2 protein chains.
Amino acid sequence: MRTDERIVRAMAELLRVQGYAATGVNQLASAAQAPTGSIYHHFRGGKREVAAAALRQTGAAYIRLLPLLLDEHDDLATGIEAAFAAAAADMRDTGWANMCPVGTVVGEVADTEPLLREAAAEVMEHWVAEGVRYLTGRGLPENEARDVTFALLTALQGAFTMARALRSTEPFLAAGRTVAAYVAALGPPARSAAVRGRSADRQ
Amino acid sequence: MRTDERIVRAMAELLRVQGYAATGVNQLASAAQAPTGSIYHHFRGGKREVAAAALRQTGAAYIRLLPLLLDEHDDLATGIEAAFAAAAADMRDTGWANMCPVGTVVGEVADTEPLLREAAAEVMEHWVAEGVRYLTGRGLPENEARDVTFALLTALQGAFTMARALRSTEPFLAAGRTVAAYVAALGPPARSAAVRGRSADRQ
DNA sequence: GTCTATAGCGGGATAGAC
DNA sequence: GTCTATCCCGCTATAGAC
């Protein structure tokens with residue numbers, strides 16, 4: 001892997017576990033198996049710029065999971081509940097350490113690091129756009145798709161935080177149940193028709 | 001106000017805006033209008049101990065808002081939507097700076113500062129217990145009350161994060177709409193009976 | 001108890017050899 | 001482009017005058 005890629009990946013890992021301020025450049029360098037100077041060679045903006053790149057990369061990877069997880073289930077509500085359960089299992093299996101780095105960094109430095117706040121905002125706008133696109137594709141009207149997208153994203157972010165502190169999967173499972181129930185109550189007939197359409201599109 | 005109280009309050013403020021790692025002891029001292037040494041006089045555990053006290057104090061204050069906001073409305077779903085709208089307005093009016101310090105600190109140091117993680121866990125356990133107590137008081141069965149409590153808390157935490165990055169009230173408003181709709185779908189007749197009972201209790 | 005001065009350390013960033 | 005040595009600053013924490 002290229003040096004700059006290793007640096008970005010290492011930063012993403014460290015952000016997930018210990019946040020931005022606590023992550024030192026030297027720690028980052030040794031985690032990336034690169035000398036300190038290489039960081040400034042590849043990223044002239046230093047630590048800030050590496051973190052911004054890590055947020056964009058991680059954010060893009062996260063939202064790719066949405067169709068991967070939800071396409072598995074013909075019923076959208078079932079898929080949502082399963083996605084929360086998967087996130088809960090991952091969190092538990094990694095020792096409650098793997099937060100979403102985007103959320104962590106926003107909490108830390110949204111008001112003190114404009115570059116990072118902007119990167120986080122772009123990532124989240126992308127999440128919302130992709131969520132709406134996916135859910136309208138599964139038959140939800142635009143305004144409902146937007147509400148459900150925000151419901152999913154806020155519940156996930158909050159569940160990461162609560163699960164990490166409580167060391168329990170319950171925040172994920174309970175939040176997943178309620179979002180799924182909300183979606184199920186929206187209008188099952190319209191949605192199953194949409195699912196049929198979606199499956200047809202692929203064949 | 002006593003010196004130690006000023007210190008705890010200043011720490012809570014700083015945690016909300018810039019997190020734990022970025023908050024220095026000297027900055028804390030000047031914000032509390034106290035000399036550096038006073039911090040170690042009142043809190044022998046230093047910065048860590050001040051932060052733990054700030055989390056407990058803020059956490060207790062936050063959960064007191066729950067009945068204050070929801071008692072205003074006879075219909076529970078309406079009250080929930082209004083509470084999210086109030087949180088959104090507060091966030092906007094403070095320049096998108098006022099996160100929940102408990103969530104921020106968890107993201108930063110849950111795996112590196114055991115004392116703070118434990119303080120956050122205690123605070124959140126208290127939130128859950130109070131949420132369940134309040135909602136069962138308004139007529140929800142225990143298991144539903146627990147799910148709704150987690151739905152409220154995770155959505156709020158996540159909405160703080162997204163609203164701060166996006167500088168938009170939409171995460172709060174959209175999440176509030178969905179949680180309210182979920183509650184409204186649970187069983188309106190049982191709940192309005194409970195509301196009548198609650199009002200009667202007060203007179 | 002209140003406050004000042006400072007120790008001791010680790011941070012981010014840089015210069016320059018190779 | 002890779003790596004080392006080092007600068008300078010700010011941090012936490014403490015010692016000790018008042």
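Contact here means heavy atoms within 4.5 Å. The model is predicted: local features need pLDDT of at least 70, side-chain atom pairs count only at pLDDT 80 or more, and totals for chains, interfaces and linings use all residues. Residues are numbered from 1 along each chain as its sequence is written, chains are lettered from A and ligands numbered from 1 in the order in which they are written, and side-chain values use heavy atoms, with hydrogens and water left out.

**View 1. Surroundings of B:Asp4 in helix α1 of chain B.** Helices (H or I, at least four residues) and strands (E, at least two) are DSSP runs, numbered from the N terminus. B:Asp4 is buried, with a relative accessible area of 19%; buried means under 20% relative accessible area, exposed over 50% and partly exposed in between (1.4 Å probe, protein chains only). Leaving aside residues up to four places away in sequence, B:Asp4 touches B:His42 and B:Phe43. B:Ser38 is 34 residues from B:Asp4 in sequence, and their C-alpha atoms are 8.3 Å apart.

**View 2. The surface near DNA strand C, to which α3(B) gives the largest share, four residues.** A residue is near a strand if one of its heavy atoms lies within 4 Å of it. Residues of both chains surround DNA strand C, among them A:Thr23, A:Asn26, A:Tyr40, A:Lys47, B:Thr36 and B:His42. Of the strand C atoms that come within 4 Å of the protein, 72% belong to sugar and phosphate. Polar contacts (pairs of N or O atoms within 3.5 Å; within protein, one must be able to donate a hydrogen and the other to accept it, and residues adjacent in sequence count only if both atoms are side-chain atoms) reach phosphate oxygens of strand C from a backbone N or O atom of A:Thr23 at 3.2 Å, from the side chain of A:Tyr40 at 2.8 Å and from the side chain of B:His42 at 3.2 Å. The elements giving two or more residues to this surface are α2 (25-31) of chain A and α3 (36-42) of chain B.

**View 3. The surface near DNA strand D, to which α3(A) gives the most, four residues.** The strand has 13 residues around it, of which A:His42, B:Val25, B:Asn26, B:Tyr40 and B:Lys47 come nearest. Sugar or phosphate holds 64% of the strand D atoms within 4 Å of the protein, and bases hold the rest. Phosphate oxygens of strand D lie 3.0 Å from a side-chain N or O atom of A:His42, 2.3 Å from a backbone N or O atom of B:Val25 and 2.9 Å from a polar side-chain atom of B:Tyr40. Two or more residues of this surface come from each of α3 (36-42) of chain A and α2 (25-31) of chain B.

**View 4. The interface of chain B and chain A, with 47 residues from each chain.** The two chains bury about 3900 Å² between them, 66% of it on carbon and sulfur atoms; buried area is the accessible area (1.4 Å probe) that two parts lose on being put together, summed over both. B:Asp111, B:Thr154 and B:Met162 supply 15% of the area that chain B buries against chain A, more than any other three residues. Six salt bridges link the chains, each a side-chain nitrogen of Lys or Arg within 4 Å of a carboxyl oxygen of Asp or Glu. One of them joins B:Asp147 and A:Arg177, 2.7 Å from N to O. α8(B) provides the largest share of the side of chain B that touches chain A, 15 residues.
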